[in-house]
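Visitor: Please take a close look at a single residue here, and then place it within the chain as a whole.

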Amino acid sequence: MDDLKKNEIYEAVITGLTSEGAGVCRIGGRAVFVPRALPGETWRVRIVKVTKTVVYGRGEECLSASPERTEPDCPNFGRCGGCNLMHMSYAAELQMKLDRVNDALRRIGGTDVRAERILGSECVEGYRNKAIYAVGEGENGPVAGFYRSGSHDIIPAPDCLLQSDEASKCAGAVIDWMRTNGVDAWNGRSGTVRHVYTRRARDGSALCCVVTGKRLSTALARSLTEDLRKTCPKLTGIVECVNRTEGNTVLNGEFRTLWGSGVLRDRLCGFEFELAPQAFYQINPPQAERLYAQALEYALPEHGGTVLDLYCGAGTISLCLSLRAGRVIGAEIVPQAVENARANAERNGVTNAEFICADAGEAAKALKARGISPDAIVVDPPRKGMDAPALEAIASMRPRRLVYVSCDPATLARDIARLRPLGYESDKALAVDMFPRTAHVETVVLLSKGEVDSKKIRV
């Protein structure tokens with residue numbers, strides 16, 4: 001059994017899970033990844049791919065099922081690339097995510113600090129306040145849905161269980177409008193409709209942004225607006241984003257408001273926020289409030305002091321920090337988000353927060369040059385984490401506390417390891433399930449300032 005061959009079938013016991021929720025077993029001394037298999041289960045596994053570094057299998061028959069196994073309610077589970085944990089109980093999902101965070105902290109971050117608990121979500125369906133449906137041509141005309149994992153094949157998803165009713169209605173209305181008016185879909189290089197983006201507020205109001213490869217004519221824009229308003233009466237605005245690029249970035253190019261308001265208003269942590277389509281905003285508001293409350297407690301255990309909020313987006317964390325801080329400075333590289341953040345502070349009567357347009361590293365350098373010495377810095381970077389120069393720039397400001405909010409345990413742990421020689425050690429950690437039924441998990445970590453030779457900090 002030294003050489004595994006494609007299409008051979010073996011009986012194996014699943015002993016673990018990958019970070020994406022696939023089962024792991026050992027066959028012939030090699031680890032084999034089996035999607036949708038759970039620890040403790042015995043499967044007949046067909047080998048489907050063998051390389052020097054990895055082996056993939058497919059579960060042909062479950063001989064003994066785990067008590068944590070559940071029957072997915074979604075007909076697209078296993079085909080669409082959105083959800084990958086619907087085959088397990090929510091309790092098992094939370095444990096898997098907590099284990100994933102702590103494994104990364106130990107193995108990649110080299111720290112003994114562990115997240116002692118994970119905050120589960122009260123709602124595991126319909127919780128997303130933002131949906132991005134890909135649009136393409138199907139066998140019988142245009143379809144809207146989500147990409148199959150690892151491909152650009154669109155799996156139609158008219159009733160995704162994680163999305164809001166408003167999002168599903170908007171996507172369906174756009175597809176019906178395309179069929180009625182003979183409007184084609186984007187094919188990767190040309191065409192008209194590329195995506196349907198919807199963001200919903202907690203009061204039920206919503207904004208729909210239709211991403212196109214070329215600007216809609218006046219007549220088409222008018223008919224699209226009429227159809228969307230008729231099907232989705234809770235809409236407060238309809239926007240067209242003309243994205244002529246061939247890349248994968250969804251919201252890129254020229255924005256124009258076809259009807260109503262080009263921004264959406266929502267409430268979070270007691271504040272009202274005005275959100276442009278491209279502004280970052282957490283997709284699960286109740287969980288975001290719990291996450292931000294913990295970040296606030298870590299950053300400012302006492303009232304007063306100066307705190308920086310890097311990657312501030314529309315200012316959600318910044319305004320939360322303003323409740324305790326003497327002064328908050330937020331930085332964000334997206335100009336529209338900075339405009340949103342400033343307007344949000346003014347709208348909520350927050351006078352101790354200011355915002356600058358710059359990336360994290362450049363912002364830290366500029367603020368240091370102004371003589372600003374923060375008591376705490378909060379970072380909430382994208383999935384890829386932070387680069388070394390940005391970490392060094394932040395460490396050179398020597399805040400007593402550094403709070404790292406992350407949506408990827410691996411890059412979080414990598415950056416924690418990079419911060420150690422710069423004088424920062426992990427102190428506390430908490431996991432938050434922001435994305436139920438998917439493998440993603442949010443983590444907030446407090447790092448405290450230790451002693452370090454200042455010559456080792458290079459900026």
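Guide: The residue chosen is Thr15, in what is a predicted model. Thr15 has a relative accessibility of 61%, and because exposed means over 50%, Thr15 counts as exposed. Its position is in the loop that runs between β1 (9-13) and β2 (16-17). Once neighbours within four places in sequence are set aside, the contacts of Thr15 are with Val24, Cys25 and Pro39.

A second point of reference is Asn284, 269 residues away from Thr15 along the chain; the C-alpha atoms of the two are separated by 32 Å. Helix α4 covers residues 285-299. Its 15 residues should span 21 Å at 1.5 Å a residue, and the end C-alpha atoms are 20 Å apart, so the two values agree. Buried residues of α4 include Pro285, Leu291, Tyr292, Leu296 and Tyr298.

As for the whole, the protein chain holds nine helices and 23 strands. Its C-alpha atoms fill a box of roughly 65 × 65 × 35 Å along the principal axes. The radius of gyration is 24 Å, which agrees with the value near 23 Å for a compact globule of 459 residues. Of these 459 residues, 54% count as buried, whereas Thr15 counts as exposed. Among contacts with a separation of 6 or more, 64% join residues 24 or more positions apart. The accessible surface of the protein chain is about 20300 Å², with 47% of that belonging to carbon and sulfur atoms. Its side chains include 60 positive and 57 negative ones, and the centres of these two sets lie 3 Å apart.

Methods: Residues numbered from 1 in each chain as written. Predicted model: local features only at pLDDT ≥ 70, side-chain atom pairs only at ≥ 80, totals over all residues. Heavy atoms only, no water. Helix = DSSP H or I, 4+ residues; strand = E, 2+ residues; numbered from the N terminus. Rg over C-alpha atoms; globule rule 2.2 N^0.38 Å. Buried < 20%, exposed > 50% of the residue type's maximum accessible area, 1.4 Å probe, protein only. Contact = heavy atoms within 4.5 Å. Areas by Shrake-Rupley, 256 points an atom, 1.4 Å probe, with all protein chains shown as cover. Lys, Arg positive; Asp, Glu negative; His and termini not counted. Charge placed at Lys NZ, Arg CZ, Asp CG, Glu CD. Expected span 1.5 Å × (residues − 1).
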